[in-house]
Each structure stands twice: as structure tokens, then as C-alpha cells.
Amino acid sequence: MMRNLFHQITALAMAFLVLASTISWTVDKHFCMGHLVDVAFFAEAESCGMDMGNVSEEWKVDCCTDELIVMQGQDDLKISFEELSLDQQLFLSAFVMVYLDLYKGLPQQIVPHRDYSPPLITFDLQLLDQVFLI
């Protein structure tokens with residue numbers, strides 16, 4: 001039961017790791033006068049409303065900045081066993097063999113007298129023969 005639970009937790013963690021490594025993440029930040037106004041994940045951050053499109057060039061002061069952080073996900077997940085070096089192949093094969101032997105069960109011990117009850121004591125032989133351990 002514990003082994004099945006461990007395998008389920010490990011499978012779930014590995015699936016989440018693959019999902020997180022393949023998704024491309026984008027974070028868009030909008031700063032106005034040095035202060036953070038809006039942060040948006042996977043979308044464009046909202047502006048603070050201080051657009052100066054109609055003001056002449058001599059009065060235009062750029063007080064707003066946008067910062068875009070892009071983390072590209074991994075596209076190719078299939079790694080061939082032949083692309084690994086010899087040391088990596090040896091380590092991988094040894095790790096798999098040790099892991100498989102780790103969870104082998106112990107052989108069931110046979111107890112021949114398990115189903116039999118002990119004999120009834122009719123005489124206390126130690127007391128009759130007066131043999132005492134000191």
C-alpha cells in the first residue's frame with residue numbers, strides 16, 4: 001500500500017514537472033514613475049492611463065515603462081538513449097537495476113508449529129526433580 005502511494009505521488013510530481021517545463025511563461029509589468037502599477041501573466045499589463053499621445057514633443061516626458069519577462073519552455077522532450085555518454089548509460093542502467101531490487105519482498109518464513117497448541121503440563125518436573133536454576 002505504501003509502495004503504491006509512493007508511486008502515485010512520484011508520478012504526479014513528474015507529470016507536474018514536465019508540464020511546468022514545457023509551458024512558455026510571460027510576465028508583463030507596467031511601471032509608472034518608478035512604481036509598479038500592474039503585473040499580468042500570459043497577457044499584456046494594463047496601462048495607468050497617463051498616455052500623452054496628444055501632447056507636443058517638447059512637453060512629452062516618458063514617465064511610464066513596460067517590462068516584459070519571457071521564459072521559453074522546452075520544445076523537444078524526447079532524449080535518445082544513444083545520445084547519452086557511456087558513463088551516463090552505465091549510471092542509468094545501474095540505477096534502474098538497484099531501484100528494481102530495492103522493493104523486492106522478503107521470502108515468507110515457514111513456521112511449522114504455528115497451528116499447534118503447546119502440550120498441557122500435568123506435572124511440574126522441575127519441582128518433582130528439585131532442579132532449580134540459581
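Okay, let's start with a pair of side chains: Asp115 and Arg114 meet in a salt bridge, at 3.8 Å from N to O. Keep in mind as we go that this is a predicted model. How many salt bridges does a search of the whole structure find? Just 1. And are the two partners buried or exposed? Asp115 is exposed, at 67% relative accessibility, and Arg114 is exposed too, with a relative accessible area of 60%. Both numbers clear the cut-off, because exposed means over 50%.

Now, the cysteines, since somebody always asks. How many disulfides turn up in a search of the whole structure? The count is 0. For anyone whose coffee hasn't kicked in, a disulfide is a covalent bond between the sulfur atoms of two cysteines. As for where a couple of the cysteines sit, Cys32 has a relative accessible area of 10%, so we call it buried. Cys64 comes in at 15% relative accessibility, so that one is buried as well. The limit for buried is under 20%.

On to the surface. There's a nonpolar patch of about 960 Å², and the residues making it include Phe16, Trp25, Phe41, Phe42 and Met71. Which elements give two or more residues to this patch? Those are α1, running 2–22, then β2 at 35–41, and β3 at 64–71. The most comes from β2, with 3 residues.

Let me pick out one patch member, Ile69. You'll find Ile69 in strand β3. At 31% relative accessibility, Ile69 counts as partly exposed. Patch residues need over 30%, so Ile69 at 31% makes the cut.

That's my tour, thanks!

Methods:
Residues are numbered from 1 along each chain as its sequence is written. This is a predicted model: local features need pLDDT of at least 70, side-chain atom pairs count only at pLDDT 80 or more; totals for chains, interfaces and linings use all residues. Side-chain values use heavy atoms; hydrogens and water are left out. A disulfide is a pair of cysteine sulfur atoms within 2.5 Å. Buried means under 20% relative accessible area, exposed over 50%, partly exposed in between (1.4 Å probe, protein chains only). A salt bridge is a side-chain nitrogen of Lys or Arg within 4 Å of a carboxyl oxygen of Asp or Glu. Patches are made of residues with over 30% relative accessible area and no salt bridge: like charges are joined within 9 Å, nonpolar side chains (Val, Leu, Ile, Met, Phe, Trp, Tyr) within 5 Å. Accessible areas come from the Shrake-Rupley method with a 1.4 Å probe; for residues, only the protein chains shown count as cover. Helices (H or I, at least four residues) and strands (E, at least two) are DSSP runs, numbered from the N terminus.
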